[in-house]
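Let's take a walk through a protein structure together, one stop after another. Keep the picture beside you as you read.

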Amino acid sequence: MIDRRDHKRILIYSHDTFGLGHLRRCRAIAHSLVDADASLSVLILSGSPIIGSFDFRSRVDFVRIPGVIKLRNGEYVSLSLHIDIEETLAMRSSIIRHTAEIFDPDILIVDKEPLGLRGEVRPTLDLLRGRGTPLILGLRDVMDDPGALESEWARKNAIPALRDYYDEIWVYGLPQICDPLEGLDLPASVRRRMVYTGYLRRTVPSTSGAPQFDDLPEGKFLLVTPGGGGDGDGLIDWVLAAYEHDPGSLPQAVVVFGPFMMPDRQAAFAARAARLPNVRTLTFDAHLEGLIVRAGGIVAMGGYNTFCEILSFDKPALIVPRTTPRLEQYIRAQRAAELGLVAMLPDNGSRDPREMAAALLRLGHQPRPSTVVVPGLLDGMEAVNRLALKWLAAGRPARWARGAAQGGLGSRHA
């Protein structure tokens, strides 16, 4: 039998209604944590329908909760089951709570949503708070436009959750790029619990990924990726239009559709790409980092994970951010471009192929991100490891009283 005094456990919750961002961030954090501590096990709770496509390190595992998807009108529905959304949410909440009850984590890390999807994590927060478990909220560097976030979080009753439940708020970014809670009327006690970690450095993968592209010369091709691809039609269409307009002068490109792009759109884009001699396509690869490492430049929408990979692998990048339903990518890209870390090309709807072609050609002469010195830029993983170790070392019986935690944790860069 494993002695719990010698073996620690961290539970990570990610709602994962759609896309790859939350899952990939939580997986990267979990891998970093177990690499740093041989006595630690990490369990991820996720609603991602493709979590099984990824590999996980030893002492990292996952529990797949029933998936949901958000419709354009803002309503949620069950992703695969023909049951009412309220029944789906009740099952999800029950699975989350019972998993936490049995796994009995030494730390709970909640990704992005303070109370989970539609409040599904509140029973688990109540359970673990009663056990003295440290409760951590992890936020990406940018959430949304402050006005939109204020309205959303008021509806979700999120700010009282920050005040009443969380011992610490880890911001996976830097304040000089963005304060994710800018504009919110936060209690001073909540502000004192915010810790900026820096961005989460990604490592060179052990597998190269997408062996069908091994013939492409390293550093001589562009990688075009819209992340999960569910809202990547505009980026792919614009890039293909540029290659159709000027096929002779542009470098070779690998266009990745993403697992959530609609099949009919993938087929249409693949047919267009097949007529272009220097464009090849890929639907999805769980080890896309291998292609990022080999590419000469990246063209992306600028989600959090892709931005971390651009910085980590020091790649010149052109960011074409989405602006709906959130301004998150636009804000991140704008701040990063102002610092000189990336180039940005806003999509104003016209999608002039000449404009995109010119931007793609400029990538070949663009400085790498490392030419800009930003202290602590990629310290995120090390900071998360240190912060987790602090809470694990304190132990539940000996950790700070909640009143002291609310009043004594300072807003700082870890």
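## A guided walk

Leaving out residues up to four places away in sequence, asparagine 305 touches Leu20, Gly21, Arg24, Arg25 and Arg202. Before we go further, keep in mind that this is a predicted model. Asparagine 305 belongs to helix H10, and its relative accessibility is 4%, so it counts as buried. Its side chain also reaches the backbone nitrogen of arginine 25, at 3.4 Å.

Now look at the helix around it. How many residues of H10 are buried? The answer is 9 of its 9 residues, so you can call this helix mostly covered, given that buried means under 20% relative accessible area. They are Tyr304, Asn305, Thr306, Phe307, Cys308, Glu309, Ile310, Leu311 and Ser312. Just after H10, you meet aspartate 314, which takes a positive phi of about 55 degrees.

Next, let's turn to the aromatic rings. There are 5 aromatic pairs in the model. In one of them, the ring centres of tyrosine 199 and phenylalanine 307 are 5.2 Å apart and the planes stand at 80 degrees, so this pair is edge-to-face. Tyrosine 199 lies in the loop between strand E9 (194-196) and strand E10 (221-225), while phenylalanine 307 lies in helix H10 (residues 304-312), so the pair ties together parts that are 108 residues apart in sequence. Are these two residues buried or exposed? Tyrosine 199 is buried, with a relative accessible area of 0%, and phenylalanine 307, at 3%, counts as buried too. Together with Tyr304, Tyr199 and Phe307 form one aromatic cluster.

Rings can also have a charge for a neighbour. The charged end of arginine 9 sits over the ring of phenylalanine 103, at 5.5 Å from the ring centre. Phenylalanine 103 is found in helix H2 (residues 85-103) and is buried, with a relative accessible area of 15%. You can find a similar arrangement at phenylalanine 56, where the charged end of arginine 27 sits over the ring, 5.9 Å from its centre.

From phenylalanine 103, let's jump to arginine 294. These two are 191 residues apart in sequence and 40 Å apart in space, C-alpha to C-alpha. Arginine 294 has its place in helix H9 (residues 289-294). Which side chain of opposite charge is nearest to arginine 294? It is aspartate 214, 4.0 Å away, yet arginine 294 is buried and has no salt bridge. The side chain of arginine 294 does reach the backbone oxygen of phenylalanine 213, at 3.2 Å. Setting aside neighbours within four places in sequence, arginine 294 is in contact with Phe213, Asp214, Leu216, Glu218, Gly219, Phe221 and Lys315.

Our last stop is lysine 156, in helix H4 (residues 146-156). Lysine 156 is partly exposed, with a relative accessible area of 29%. A polar contact of 2.7 Å joins its side chain to that of glutamate 152. Not counting neighbours within four places in sequence, lysine 156 is in contact with Glu113 and Leu115. And how far apart are lysine 156 and arginine 118? Along the sequence they are 38 residues apart, and in space the distance is 7.5 Å, C-alpha to C-alpha.

Conventions: Residues are numbered from 1 along each chain as its sequence is written. This is a predicted model: local features need pLDDT of at least 70, side-chain atom pairs count only at pLDDT 80 or more; totals for chains, interfaces and linings use all residues. Side-chain values use heavy atoms; hydrogens and water are left out. Helices (H or I, at least four residues) and strands (E, at least two) are DSSP runs, numbered from the N terminus. Buried means under 20% relative accessible area, exposed over 50%, partly exposed in between (1.4 Å probe, protein chains only). Lys and Arg count as positive and Asp and Glu as negative; His and the chain ends are not counted. A polar contact is a pair of N or O atoms within 3.5 Å; within protein, one must be able to donate a hydrogen and the other to accept it, and residues adjacent in sequence count only if both atoms are side-chain atoms. Contact means heavy atoms within 4.5 Å. Rings of Phe, Tyr and Trp (its six-membered ring) pair if their centres lie within 6.5 Å; planes under 30 degrees apart count as stacked, over 60 as edge-to-face and the rest as tilted. A charge sits over a ring if NZ of Lys or CZ of Arg is within 6 Å of the ring centre and within 35 degrees of the ring normal.
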